[in-house]
Amino acid sequence: MRKNYKFIALLLLISICSSILIACGDKKNKNSANGPHLNFGVYNYSDSLDPATNTNSSWCGVRYGVTEGLFKFSDEVIAEPNIADTYTVSEDYKVWTLHIREGVKFSNGNDVTPTAVKDSIERLYNQTDASRGGTGNSNPDGYLIYETITADDDEGTVTITCTSPTSNIPGILAYPYFSIIDVSVADKEIVGTGPYKVAKINNGVSIELLSNEYYWNGEVPYDSVTIMFIDDSSTKAMALKSGDIDIAENITTASDLRTLSEDENYYVSIAPGVRTGNSYINYEGVLGNETLRQAIMMALDKDTMCDITVAGMYTSGISVLPSSLSYNYDKLTNPYEFNKQAAIELLDDAGIVDTDGDGWREIDGKNIDINSVTFTSRNLNEFAEAVALQLAEIGIKVTVNIRDYDTALALLNAGEFDLWTCNTLTVGVGDPQDYLGNWYSANSQNYGYYSSEKYDELYEELMLELDNDKRKDIITQLQQILINDAATIVYGYYNSSMISRAEKITGADIATIDYYWLTSKIKPIGE
Amino acid sequence: MINKKLQFIIFLIFVLSIVTVAILAPYIATHDPNEAVLTEATKAPSKEHFFGTDRMGRDLFSRVIYGTRTSLYSTLILVLSILILGGGLGIIAGYAGGATDTVIMRFADMMVSFPGMALAIAIAGVMGPSITNAVISITMVSWTKYARLARSLVLKIKHEDYIKAAFMSGTKTYNILLRYMLPSVLPTLIITAATDMGGMMLELAGFSFLGLGAQSTSIEWGYMLNEGRAYIESASWLMIYPGLAIFITVVAFNLLGDSLRDILDPQNDDQILKSKRKRVLQTERKQVKRESLA
């Protein structure tokens, strides 16, 4: 009898254990679709895909192929027609009439009519306007302020009347804020016009996507996609190697990227960067001293930092605008080429010397201690550390403060920094005007309190200028002023990357402007 | 007992040799640990660089050697501050009793309910991450163990006759605490501290690994591990050598702590005495039996 009890207990235990093991088993086969499936490893910038929630959520919607804009950037960063197929503009660049492509549907089958487009844009502004009860943090006003927006469903057009002449509406409308969603269901789910639609969001873990059967721009290659959130770059690389994911965006650890590049089992796509890695300089601190800034510029070996320290993740450069863009980078001159000895002499001649023998130079009897704030993203901490070590060689002390992004941003806004290292998209709407505004003294986002009459004058000219050639000329001059004033430390231009398993996937190329990750061009081999 | 003493001496030499490495770091290191040659980044171990170079082109061997100083120094400061704060408050709580005891011990209960890591993140957020702030946050969470220990030991002897005699003869409270309470509490606290050294060292390294402790400007093993983590496949020496350094030092301190406990622990002595008495009693009984049988 007792033996029987023992046997039953053992059986029970075994069945419990097997149930647990079965429950914890492979979930890969549980997708409702039976066709090709893709596992995509990404950094989790946002769980929301609503363009009104914040910048990251608007980007994620486009990145995961769920939402699309009226226009789309080409690899040359030119806004090309997408949901809008043609447009006309009035002579004063105030009234833009966009024709909405016929036959485009949302992924729930609803038609994308001019009224639906108008509603989507109006919702974005309503949702981000606190005075109208909006709770979103996106900032469409920063790009476009319109007087009216009207829709003519018979003509198939949407007419936007801007408050001031606006030359770059296609670029602005290509920005992810302005991606078109179905407003009729927006309070329940985000439905766009992209190749994929959301099936399920597991907050912080993954997003399950299914193919959009109504997709207007060709066949959708995968029946289902799992967007897997993997924040750590090395983990992402390991997941790719183990086969847990088929494709990953931006592996930022140089050593992992190098290993994958050398392995023919992986296809590594790298795009010339339109993101600039730079340090804002706080002019209200010790770096208000021009000689000190110039010496710092001369003491930094940016080529080595970009090629070796971050192993080619950046292409080194001198200007705030990337060399790959058509803003006359070749015509710019750098008066502060790398020359450590010259930097030391410059400091010595200016009387910025070490008088108390502690190894660190002083200004006005006080030790220089540069507060360098940054966060761990896209190799920024490595730049900050390399700067500290190189400046130590010329007797300038740098204290590196690596914080989380939010804390670093708070320190930036409070002006509690000498150097603030970051990586910024320079042509968010296909034009660098917005980015160059970071050094315009009347701009509240002038992070380093830089002020130059000449720069301000030219920038104001740029804001009014509509002729592209003249704009380019002004932008070239603005870049040169920043270089001459040693206004910011530019390290280089970040090269975005996309890595895929070569035997399984084709067409996994990273776009120059990193709004587009999962596109219908990414296909399984043999399709 | 002789074996235990010998064991203790061996482990003491082991720990002392680590301390010597820390003291003589400038003579042992082959390079300036802060000298960065960016072009020489992540070079494999060689005759020039015994442990290779890190991602900033600094000599890893010299950094591991210098790291001994940071780790030992910060751990010692940490353990001492916990010992002094926890021990002091525990003795006061035990001796004073009443409201003082309640306030101190309830405060200790409150602190113990804080997860150490959460507190460290909060402190790092407010004061900025640094090894000093890591020491402060670990101290804030860990002192309670020592306070409870000291309190219970004080309560044990508080009502002994010699304390009463001292009190009645007009000895000042300060003197009672210093001359009677402290000496009876100290051995146990020191043993606990010695056994905690290894654990505390690991905890500090863990904080630095997570970016909450030491920062890039200091030379610390935990932070070195953090730096090397991304290179685990391509430049594994960046993790192996600092990891080994932590392992060896923690093992050394744990062994020394255990050995010290074996030698000094009064409870252990009691047990030895008891077992001896038991053995003597057993042999006596056997003898009595034999005699009665005879």
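This report describes the contact between two chains, the domains of chain A and one helix pair of chain B.

The model is predicted, so local features need pLDDT of at least 70 and side-chain atom pairs count only at pLDDT 80 or more, while totals for chains, interfaces and linings use all residues. Residues are numbered from 1 along each chain as its sequence is written, and chains are lettered from A in the order in which they are written.

In chain B, 20 residues are in contact with 23 residues of chain A; contact requires C-beta atoms, placed from the backbone, within 7 Å.

Chain A has domain 1 (48-194) and domain 2 (273-495), with bounds from an automatic or database domain assignment. Their C-alpha centres lie 34 Å apart. Domain 1 of chain A gives 13 residues to the contact and domain 2 of chain A gives eight residues.

The table lists residues by class; Ala, Val, Leu, Ile, Met, Phe, Trp, Tyr, Cys and Pro count as nonpolar, Asp, Glu, Lys and Arg as charged, and the others, Gly among them, as polar.

| Set | Nonpolar | Polar | Charged |
|---|---|---|---|
| Side of chain B that touches chain A | eight residues | nine residues | three residues |
| Side of domain 1 of chain A that touches domain 2 of chain A | 10 residues | three residues | no residues |

Within chain B, helix α4 (residues 98-112) packs against helix α6 (residues 131-158) at about 135°, with axes 8 Å apart. Helices are DSSP runs (H or I, at least four residues), numbered from the N terminus. Axes are lines fitted to C-alpha atoms over the stretch in contact, and angles run from 0 to 180 degrees between N-to-C directions.

How values were computed. Contact = placed C-beta atoms within 7 Å. Helix = DSSP H or I, 4+ residues; strand = E, 2+ residues; numbered from the N terminus.
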